[in-house]
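Me: Please take a close look at one part of this model for me, the sheet and what surrounds it. I'd be glad of one connected account, with the cut-offs included.

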Amino acid sequence: IDAEHPLEHQDLTIGGMVIEEGRALVIAVNKWDLVTEKQKRLKEIRELAAEKMDAVSGVPVVTISALAERGLDKLWDAIFAAHRRWNTRLSTAELNRWLEEALARHAAPAASGRRIRLRYITQPSARPPTFVTFCSKPDNLPPSYVRYLTNSLREAFDLPGVPIRFNLRKGANPYDDRPKRGKS
């Protein structure tokens, strides 16, 4: 993006397409040599990125000057780090430990007078990191709680700037195959 005109409509459209496609994101702020109040401007750009691209919080912002060829090494480092995070593969055991801790910090809400039970989580694929959580009533889990879980997952496993797919599924009822009680 241009340091003098950060995150204009076109930048946000491209960023949205990157996120929708499930790719990791790094923001390179070009023409940094023309900025006078660097710290103030960098803070403004980070806040604007956090506000406008909230689906992938923690997007790395790297300042460069293409004309002066400055900051390009930092940009490559950020790109390779984003690629590593995008390829992240986590074990089911460590995911379930995280889920237990996340539920202890903030319990799942209740639906129809009964608490929604999140049983376990697994990662079926990477690129982007995709997680499936099995729970009692997936349709009743509020989007705000799913956002809490996604942000907690992003923070716990260091996944800034990477879109996370967080899917909910209803687990199989272990009593479905049981013969029915009562009169036949």
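**From the N terminus to the sheet**

Reply: Happy to. Let's begin away from the sheet, where the side chains of Asp-2 and Lys-31 meet in a salt bridge, 3.2 Å from N to O (a side-chain nitrogen of Lys or Arg within 4 Å of a carboxyl oxygen of Asp or Glu). Asp-2 sits in the segment before helix 1 (9-21) and Lys-31 in the loop between strand 1 (27-29) and helix 2 (38-52), so the pair ties together parts that are 29 residues apart in sequence. Helices (H or I, at least four residues) and strands (E, at least two) are DSSP runs, numbered from the N terminus. In total, the structure holds four salt bridges. Leu-7 also belongs to the segment before helix 1, and its phi is positive, near 50°, although Leu-7 is not a glycine.

This is a predicted model, in which local features need pLDDT of at least 70 and side-chain atom pairs count only at pLDDT 80 or more, while totals for chains, interfaces and linings use all residues. Residues are numbered from 1 along each chain as its sequence is written, and side-chain values use heavy atoms, leaving out hydrogens and water.

Now to the sheet itself. It is open, with three strands in the order 5-6-7 and mixed pairing (at least two DSSP bridges between two strands). Strand 5 (118-125) and strand 7 (165-170) are its edges, each pairing on one side only. From one strand to the next, the twist averages 25° (axes are lines fitted to C-alpha atoms, for helices over the stretch in contact; angles run from 0 to 180 degrees between N-to-C directions).

Strand 5 and strand 6 (residues 130-135) run antiparallel, joined by five bridges. Thr-122 has Val-132 of strand 6 as its bridge partner, and Tyr-120 stands opposite Phe-134 in strand 6. The two strands form a hairpin with four residues between them, and Arg-127 in that turn has a positive phi of about 60°. A cis peptide bond joins Arg-127 to Pro-128, with omega about 0°; Pro-128 lies in the loop between strand 5 and strand 6.

Helix 5 (residues 143-156) lies across strand 5, strand 6 and strand 7, running at about 125° to strand 7 (contact: heavy atoms within 4.5 Å).

Helix 5 also gives the most to the lining of the largest pocket, six residues. That pocket holds about 280 Å³ of space. Its lining has 13 residues, and Ala-55, Arg-147, Thr-150, Arg-154 and Ile-164 are the closest to its centre. Helix 5 and strand 7 are the elements that give two or more residues to this lining. By class it divides into seven nonpolar, two polar and four charged residues (Asp, Glu, Lys and Arg are charged; Ala, Val, Leu, Ile, Met, Phe, Trp, Tyr, Cys and Pro nonpolar; the others, Gly among them, polar). A pocket is an open set of points on a 1 Å grid over the protein atoms alone where a 1.4 Å probe fits, with protein on both sides within 12 Å along at least five of seven lines; lining residues have an atom within 4 Å of a point.

The second largest pocket has a volume of about 160 Å³ (the space filled by probe spheres set on the points, joined across faces, edges and corners). Its lining has no nonpolar, one polar and six charged residues: Arg-114, Arg-115, Arg-117, Arg-119, Ser-136, Lys-137 and Lys-170.
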